[in-house]
Amino acid sequence: MIRSRPRAASAVALLALAMTAFAGDAFAHGVAESDKAFIMANPGINIIPYLYLGAKHMVTGYDHLLFLFGVIFFLYRLKDVWTYVTLFAIGHSTTLLAGVMFNLHANPFIIDAIIGLSVVYKALDNLGAFPTVLGFQPNQKAAVLIFGFFHGFGLATKLQDLLTSRDGLLPNLISFNIGVETGQVIALSLILILMTLWRRTASFNRSVLVANGLLMCAGMVLTGYQMAGFFSEKMS
């Protein structure tokens with residue numbers, strides 16, 4: 001059984017609590033009123049604002065960051081990190097572009113609940129649960145790509161909330177997607193730096209169970225939060 005020092009467990013728990021405290025809007029995929037007001041007041045092509053909004057969404061999107069954290073948890077080679085992150089980018093770029101361009105709609109609460117489940121899935125995968133429970137290991141690369149599709153649909157619902165006109169849609173959409181990729185690089189770089197420093201400590205191996213347990217709990221909270229929003233919407 002993997003043991004964790006109380007100090008390491010407390011540090012990870014505090015980090016999770018801090019992320020939850022500041023992640024309300026990100027969990028809901030809410031649109032900041034100031035962002036929406038700016039877009040409404042400036043219709044047409046807005047390259048720089050959409051670049052900024054895309055980067056902002058990824059950097060502050062705790063659902064995406066938690067999933068990426070889980071994906072790279074046991075990836076030590078930059079080549080492997082690049083492979084998995086590229087698959088994730090292909091997935092979310094595809095459904096982001098298709099969802100907005102073809103005006104495909106899905107209930108944002110359901111999509112975000114699935115995104116929460118992607119975090120749970122990755123935590124269980126890191127703990128080696130699937131060979132034990134299912135008797136086989138699901139393809140990890142395929143899973144990242146598939147969940148990338150759902151993350152991209154979540155991004156599409158975010159952007160559809162911002163759009164008040166389809167004037168200048170394609171350049172604005174491309175700008176938003178480039179912003180998302182830029183934000184992902186920034187966020188991932190910071191995560192990798194912190195992960196590298198953590199892996200060099202003696203507490204890393206002893207904290208694997210605690211860290212992924214908290215990651216799983218965060219995904220379950222996110223899923224529950226979104227499902228509560230879904231049923232509340234249905235009842236109102």
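The accessible surface of the chain comes to about 12000 Å². Carbon and sulfur atoms account for 71% of that surface. The model is a predicted one. The chain has 236 residues, and 46% of them count as buried. It holds 11 helices and zero strands.

**Overall build**

- Read from the N terminus, the elements run α-α-α-α-α-α-α-α-α-α-α.
- Among contacts in the chain with a separation of 6 or more, 87% join residues 24 or more positions apart.

**The nonpolar surface patch**

- V59, I186, L190, I193, L194 and L197 make a nonpolar patch on the surface. The area of this patch is about 570 Å².
- Helix 10 spans residues 169-199 and gives the patch its largest share, five residues.
- V59, another member of the patch, lies in helix 4, which covers residues 47-60.
- V59 has a relative accessible area of 36%, so this residue is partly exposed. Patch residues need over 30% relative accessible area, and V59 has 36%.

**Helix 4 against helix 5**

- Two packed helices are described by the angle between their axes and by the distance between the axes.
- For helix 4 and helix 5 (residues 62-71), the angle is about 60 degrees. Their axes are 5 Å apart.
- Angles of 65 to 115 degrees count as roughly perpendicular, and those under 35 as roughly parallel. At about 60 degrees, helix 4 and helix 5 are therefore oblique to each other.
- On the helix 4 side, the residues that meet helix 5 are H57, M58, V59 and T60. Their partners in helix 5 are Y62, H64 and L65.
- V59 thus appears twice: in the nonpolar patch and among the helix 4 residues that meet helix 5.

**K158 and its distant neighbour in sequence**

- K158 lies in helix 9, residues 140-162.
- K158 counts as buried because its relative accessibility is 10%, and the cut-off for buried is under 20%.
- K158 and H57 are 101 residues apart along the chain. Their C-alpha atoms are separated by 8.7 Å.
- H57 is also one of the helix 4 residues that meet helix 5.

**N103 in a loop**

- N103 sits in the loop between helix 6 (78-101) and helix 7 (108-126).
- The phi angle of N103 is near 55 degrees. That is a positive value in a residue other than glycine.
- N103 has 41% relative accessibility, so this residue counts as partly exposed.

**Salt bridges**

- The count of salt bridges comes to two.
- One salt bridge links R77 and D80. Their closest N and O atoms are 3.1 Å apart.
- D80 counts as partly exposed because its relative accessibility is 22%. Under 20% would count as buried.
- Another salt bridge joins the side chains of D125 and K122, at 2.7 Å from N to O.
- D125 and K122 both lie in helix 7. They are three residues apart, about one turn of the helix.
- Both D125 and K122 are buried.

Technical notes. Residues numbered from 1 in each chain as written. Predicted model: local features only at pLDDT ≥ 70, side-chain atom pairs only at ≥ 80, totals over all residues. Heavy atoms only, no water. Patch = residues over 30% accessible without salt bridge, like charges linked within 9 Å, V, L, I, M, F, W, Y side chains within 5 Å. Areas by Shrake-Rupley, 256 points an atom, 1.4 Å probe, with all protein chains shown as cover. Salt bridge = Lys/Arg side-chain N within 4 Å of Asp/Glu carboxyl O. Helix = DSSP H or I, 4+ residues; strand = E, 2+ residues; numbered from the N terminus. Buried < 20%, exposed > 50% of the residue type's maximum accessible area, 1.4 Å probe, protein only. Axes fitted to C-alpha atoms, helices over the stretch in contact; angles between N-to-C directions. Parallel < 35°, antiparallel > 145°, perpendicular 65-115°, else oblique. Contact = heavy atoms within 4.5 Å.
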